[in-house]
Amino acid sequence: MIRRNAQTLGEAIREFFEDNAELRGKILEIRVLRAWGEILGPMVAQYTCNIYVKDKVLYVSLTSSVLRNELVLCRERLVKSLNDYVGSTVIQNIIIR
């Protein structure tokens with residue numbers, strides 16, 4: 001028997017997430033959280049104690065006040081870098097505590 005509408009597993013998963021926008025949004029938020037450590041490196045990840053996304057705002061808690069001040073100064077560039085890494089506009093602002 002010949003299958004006429006066969007598709008790869010990747011295509012089926014991609015189609016599933018396109019149909020379920022809420023799930024797709026959550027997965028993109030998780031990608032942003034992972035991107036934080038990859039973009040900023042292990043040294044910054046070492047000082048990061050809490051990170052989460054709520055209402056398109058990334059909240060980051062740091063244990064180093066010096067690092068906190070440095071990251072506040074380049075906040076807009078961080079937002080752009082994280083969104084570019086994910087490939088979508090997931091966050092609009094970063095709150096660094």
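**Exercise 1. Find how Lys26 and Glu29 are linked, and say where they lie.**

Step 1. Lys26 and Glu29 are joined by a salt bridge, and their closest N and O atoms are 3.9 Å apart. A salt bridge here is a side-chain nitrogen of Lys or Arg within 4 Å of a carboxyl oxygen of Asp or Glu.

Step 2. Side chains of opposite charge can pair when their charged atoms come close.

Step 3. Now look at the helix. Lys26 and Glu29 are three residues apart in helix H2 (residues 21-47), so about one helical turn separates them. Helices (H or I, at least four residues) and strands (E, at least two) are DSSP runs, numbered from the N terminus.

Step 4. Lys26 is partly exposed, at 47% relative accessibility. The cut-offs are these: buried is under 20% relative accessible area, exposed is over 50%, and partly exposed lies in between (1.4 Å probe, protein chains only).

Before you go on, a word about the model. It is predicted: local features need pLDDT of at least 70, side-chain atom pairs count only at pLDDT 80 or more, and totals for chains, interfaces and linings use all residues. Residues are numbered from 1 along each chain as its sequence is written, and side-chain values use heavy atoms, with hydrogens and water left out.

**Exercise 2. Count the salt bridges in the whole structure, then describe the one formed by Lys80.**

Step 1. Searching the whole structure gives two salt bridges.

Step 2. Lys80 pairs with Asp84, with 2.8 Å from N to O.

Step 3. Helix H4 (residues 75-86) holds both Lys80 and Asp84, which are four residues apart, about one turn of the helix.

Step 4. Are Lys80 and Asp84 buried or exposed? Both are exposed.

**Exercise 3. Explain what Cys49 and Cys74 do about disulfides.**

Step 1. Recall the chemistry: a disulfide is a covalent bond between the sulfur atoms of two cysteines. In this model, a disulfide is counted when a pair of cysteine sulfur atoms lies within 2.5 Å.

Step 2. How many disulfides does the structure hold? The structure holds zero disulfides.

Step 3. Cys49 is in no disulfide, and the nearest cysteine sulfur, that of Cys74, is 18 Å away. Cys74 is likewise in no disulfide, with the sulfur of Cys49 as its nearest, 18 Å away.

Step 4. Compare their surroundings. Cys49 is exposed, with a relative accessible area of 53%, while Cys74 counts as buried at 18% relative accessibility.

Step 5. Place Cys49 in the fold: Cys49 lies in strand E1. Its C-alpha atom is separated by 26 Å from that of Leu23, 26 residues apart along the chain.

**Exercise 4. Inspect the loop between E1 and E2 and find what is special about its backbone.**

Step 1. Asp55 sits in the loop between strand E1 (48-54) and strand E2 (57-62), and Lys56 lies in the loop between E1 and E2 too.

Step 2. Most residues other than glycine have a negative phi, and most peptide bonds are trans.

Step 3. Asp55 is not a glycine, yet it has a positive phi of about 55 degrees. Lys56, also not a glycine, has a positive phi of about 60 degrees.

Step 4. Asp55 is exposed at 67% relative accessibility, and Lys56 is partly exposed, with a relative accessible area of 41%.

**Exercise 5. Compare distance along the chain with distance in space for Ile94, Val44 and Leu73.**

Step 1. Ile94 is in strand E3 (residues 93-96) and is buried, with a relative accessible area of 0%. Ile94 and Val57 are 37 residues apart in sequence, with 5.6 Å between their C-alpha atoms.

Step 2. Val44 belongs to helix H2 and is buried at a relative accessible area of 10%. Val44 and Arg68 are 24 residues apart in sequence and 9.8 Å apart in space, C-alpha to C-alpha.

Step 3. Leu73 is in helix H3 (residues 65-73) and is exposed, with a relative accessible area of 72%. The C-alpha atoms of Leu73 and Val57 are separated by 17 Å, and the two residues are 16 apart along the chain.
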